[in-house]
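Visitor: I should be grateful for a close look at the surroundings of the ligand. Please then place that site within the rest of the chain.

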Amino acid sequence: MIERILLDIAWMSGIGTSLALLMVIAQRWLSNYGEVEIDINGKRKLTVTGGNSLLSTLSDSQIFIPSACGGRGTCGACKCQVLEGGGPILPTEKPLLTAAEMEDNVRLSCQVKVKNDVRIMIAEEFFNIRRYDATIEEIIDYTYDIKGITFKFKEGEEIDFKAGQYVQLESQPYEKVKEKAVRAYSISSKPQIKDRLQLIIRLVPEGICSTWVHKHLKVGDEVSLTGPYGDFMLKDSDADTLFVAGGSGMAPIKSMLEYLQEAGTKRNMTYFFGARTTKDLYLDDEMKAFEQHFDNFKYEPVLSHATPEENWTGKTGFIMPYFEDVIKDPANTEAYLCGSPGMIAAVTKSLKEYGVPDENIRYDDFG
Ligand SMILES: Cc1cc2nc3c(=O)[nH]c(=O)nc-3n(C[C@H](O)[C@H](O)[C@H](O)COP(=O)(O)OP(=O)(O)OC[C@H]3O[C@@H](n4cnc5c(N)ncnc54)[C@H](O)[C@@H]3O)c2cc1C
Ligand code: FES
């Protein structure tokens with residue numbers, strides 16, 4: 001009887017193993033698309049191995065499309081036109097595409113799989129985006145959950161970027177995280193410095209890349225990043241300017257202020273930095289020092305949860321009511337906002353109510 005049972009078990013597990021083997025072979029066979037061609041902008045042709053996403057296939061060929069969420073289909077940054085060969089739009093793409101974009105063959109390149117020849121159109125400026133190898137030169141603890149990290153490029157390498165732009169950093173596997181991840185981080189140093197750059201990174205609880213940065217990255221480590229990306233940049237004007245940031249949203253504003261200090265400006269500027277308590281304030285002295293450098297600049301930290309023990313004598317509560325004191329000529333006011341989606345939505349709504357035109361409100365949403 002026992003022999004019979006053992007025989008049955010051996011028989012069943014044999015079938016199971018064969019089925020698993022068949023599935024692996026079928027999977028390999030089905031995803032073996034061989035060599036395919038990607039026609040880019042009707043100007044450039046790439047011969048690649050099919051089977052991966054359009055985003056990663058292009059990045060393997062050193063063509064980098066913005067992909068702030070690292071290809072998870074949540075940011076919508078990786079849009080491009082797929083004129084032929086992209087197959088039908090996937091349900092994962094639809095929430096991030098407008099009707100007009102779908103009509104115009106716009107797709108999320110991280111969701112489109114390259115299975116056959118494709119014809120695509122991408123923005124010409126994407127050809128300027130490059131991969132950089134860098135060594136970690138300095139790590140500064142700005143607060144309990146925010147670090148400033150300086151990346152020094154390999155000898156002779158230089159980056160050209162505009163204040164406000166971002167790079168994408170690749171984290172390495174660690175502990176239970178088995179794969180690399182790519183995340184977007186705004187450059188916090190000024191564009192006049194080209195052989196290194198600084199990022200300001202906040203630790204997100206359970207976050208893959210920010211945990212790697214905070215708990216595993218050390219001075220001397222070698223890392224890879226791509227960039228520059230994004231169009232969150234200063235307009236070329238002398239308009240009155242409001243900067244509004246929270247948390248690590250300080251990063252691009254710091255870059256803009258350092259750029260303006262060196263380039264010179266006639267702008268009247270106010271910088272509101274929102275934080276919960278004094279423990280969340282950082283680079284305070286550096287930001288106050290800009291008041292000496294510029295003819296007309298005011299740094300205004302605003303605390304939402306200051307406790308009596310902190311003896312905070314500065315501004316408190318929401319930032320928005322303070323706009324009334326600084327917006328003198330709404331039509332000639334520009335605003336640059338950076339931080340969480342909630343903060344950006346609330347500040348944008350308020351600025352519009354004060355009469356600041358839509359086209360004068362620029363933001364980078366870290367969501
Ligand atoms: C243009 C741009 C610029 C940016 N600049 C900066 C900057 O200068 N500084 C900065 O600190 N950040 C910046 N960010 C945000 C940054 O890109 C990352 O989103 C952030 O660091 C979190 O990444 P992470 O890998 O640590 O977290 P993720 O792993 O992406 O997780 C984020 C959150 O989602 C949760 N989560 C993850 N996976 C799951 C799941 N499967 N189910 C449920 N919940 C999940 C996590 O617990 C965590 O709370 C920027 C973002 C953009 C778009
Ligand atoms: S990379 Fe974020 S949606 Fe494609």
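Guide: In this predicted model, an oxygen atom of ligand 1 lies 3.1 Å from a polar backbone atom of Ser186. Ala184 also offers a polar backbone atom, and an oxygen atom of the ligand is 2.6 Å from it. At Ser210 the partner is in the side chain: an N or O atom there is 2.6 Å from an oxygen atom of ligand 1. Taken alone, ligand 1 exposes 970 Å², of which the protein buries 67%.

The shell around ligand 1 has 22 residues, and those that come nearest are Arg183, Ala184, Tyr185, Cys209 and Ser210. Four elements, namely β9 (181-186), β10 (196-202), α4 (208-215) and β17 (361-365), each supply at least two residues of this shell. The largest share, 4 residues, comes from β9.

Two loops that adjoin these elements deserve attention. Glu206 is found in the loop between β10 and α4. Its phi is near 65 degrees, a positive value in a residue other than glycine. Most residues other than glycine have a negative phi, and most peptide bonds are trans. At 80% relative accessibility, Glu206 counts as exposed, since the cut-off for that class is over 50%. Glu175 lies in the loop between β8 (166-171) and β9. With a relative accessibility of 63%, Glu175 is likewise classed as exposed. The C-alpha atoms of Glu175 and Trp212 are separated by 9.6 Å, although their positions lie 37 residues apart along the chain when counted as a separation in sequence.

Two further backbone features may be set beside Glu206. Asn105, in the loop between α3 (99-103) and β4 (106-108), has a positive phi near 65 degrees and is not a glycine. Asn105 is partly exposed, with a relative accessible area of 34%. The other feature is a cis peptide bond between Gly227 and Pro228, where omega is about -5 degrees. Pro228 belongs to strand β11 (residues 222-229).

The aromatic side chains come next. A search of the whole structure finds 14 aromatic pairs. In one of them, Tyr132 and Phe153, the ring centres are 4.9 Å apart and the planes stand at 35 degrees, so the pair is tilted. Tyr132 lies in strand β6 (residues 130-141) and Phe153 in strand β7 (residues 146-153), so this pair ties together parts that are 21 residues apart in sequence. Both residues, Tyr132 and Phe153, are buried. Tyr271 and Phe273 make another pair, with ring centres 6.3 Å apart and planes at 70 degrees; the pair is therefore edge-to-face. Tyr271 and Phe273 are buried as well. Both belong to one aromatic cluster, formed by Tyr142, Phe232, Phe243, Tyr271, Phe273, Tyr282, Tyr299 and Tyr336. A charged side chain also meets a ring: Lys279 lies over the face of Tyr144, at 5.5 Å from the ring centre.

Helix α5 (residues 250-263) allows a check of its geometry. At 1.5 Å a residue, its 14 residues should span 20 Å, and its end C-alpha atoms are 20 Å apart, which agrees. The buried residues of α5 are Met250, Ala251, Pro252, Ile253, Lys254, Ser255, Met256, Leu257 and Leu260. Just after α5, Gly264 takes a positive phi of about 90 degrees.

Finally, the chain as a whole gives the setting. Its secondary structure comes to 8 helices and 17 strands. Along its principal axes, the C-alpha trace spans about 85 × 55 × 45 Å. Of the 367 residues, 44% count as buried. Phe127 and Thr316 illustrate a separation within this trace: they are 189 residues apart in sequence and 45 Å apart in space, C-alpha to C-alpha. Phe127 is found in the loop between β5 (118-121) and β6, and is partly exposed, with a relative accessible area of 27%.

Technical notes: Residues are numbered from 1 along each chain as its sequence is written. Chains are lettered from A and ligands numbered from 1 in the order in which they are written. Side-chain values use heavy atoms; hydrogens and water are left out. Rings of Phe, Tyr and Trp (its six-membered ring) pair if their centres lie within 6.5 Å; planes under 30 degrees apart count as stacked, over 60 as edge-to-face and the rest as tilted. Buried means under 20% relative accessible area, exposed over 50%, partly exposed in between (1.4 Å probe, protein chains only). A charge sits over a ring if NZ of Lys or CZ of Arg is within 6 Å of the ring centre and within 35 degrees of the ring normal. The expected span of a helix is 1.5 Å times one less than its number of residues. A residue is near a molecule or strand if one of its heavy atoms lies within 4 Å of it. A polar contact is a pair of N or O atoms within 3.5 Å; within protein, one must be able to donate a hydrogen and the other to accept it, and residues adjacent in sequence count only if both atoms are side-chain atoms. Accessible areas come from the Shrake-Rupley method with a 1.4 Å probe; for residues, only the protein chains shown count as cover.
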